[in-house]
Amino acid sequence: MNMKNYIIVLFLASNLFACQSTEVESIQVGSNGCVNNNWTQIGTEIAQSGKSVRTFLKYKERCPDITLDDKTAYLEGYTLGIKEYCTFANGFKVGYEGGENIIVCPIEMRSAYKKGFDKGTKNLGLIKDKLKRDGESQLERQATARTKD
């Protein structure tokens, strides 16, 4: 594992113990606890949806039989997913769609995501402004047409 990946995993692991309320996705819970869960996939999906690594704590509440291996698999998946989420392109998409700038990206990845988010938000604002101007122009034309009648 190279140094950058080690730092990311260390950062994510340390954040598991901080307090934050997050929503837990549906997981399979059977009579023997959590069954047939692919913790790597769950971690990846949580990260790709822009949710905190601490979502794992909510899983742990519902599934007290989660093992250290499950936690490790979750963190590995989360690390993969956060690398995909914290990109300029995804930041632009989230900003352009009017999403919130939730800070889940590690510091070393945050800059590219934020630049994309800011640019996407700016483009969304420009489009909204243009639509507003176009709508106002259309209303003025309609009002002018009514006064001529």
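User: Why is K114 called partly exposed in this predicted model?

Analyst: Good place to start! K114 has a relative accessibility of 40%. Buried means under 20% and exposed means over 50%, with partly exposed in between, so K114 counts as partly exposed.

User: What makes K114 and D118 a salt bridge?

Analyst: Their closest N and O atoms are 2.8 Å apart. The cut-off for a lysine nitrogen and an aspartate carboxyl oxygen is 4 Å, so this pair qualifies. Both residues lie in helix α6 (residues 107-148), 4 residues apart, which is about one turn of the helix. D118 is partly exposed too, at 37%.

User: How many salt bridges does a search of the whole structure find?

Analyst: It finds 2. Besides K114 with D118, the side chains of K93 and E97 meet at 3.8 Å, N to O, which is also within 4 Å.

User: Why is E97 called exposed, while K93 is called partly exposed?

Analyst: E97 has a relative accessible area of 55%, and exposed means over 50%. K93 has 44%, so K93 falls in between the two cut-offs.

User: How do you know that S52 is buried?

Analyst: S52 has 7% relative accessibility, and under 20% means buried. S52 sits in the loop between α2 and α3.

User: What makes α2 and α3 oblique to each other?

Analyst: Their axes cross at roughly 135° and come within 11 Å. That angle is not under 35, not between 65 and 115, and not over 145, so the helices count as oblique. The contact is made by W39, I42 and I46 of α2 with T55, F56 and Y59 of α3.

Conventions: Residues numbered from 1 in each chain as written. Predicted model: local features only at pLDDT ≥ 70, side-chain atom pairs only at ≥ 80, totals over all residues. Heavy atoms only, no water. Axes fitted to C-alpha atoms, helices over the stretch in contact; angles between N-to-C directions. Helix = DSSP H or I, 4+ residues; strand = E, 2+ residues; numbered from the N terminus. Contact = heavy atoms within 4.5 Å. Buried < 20%, exposed > 50% of the residue type's maximum accessible area, 1.4 Å probe, protein only.
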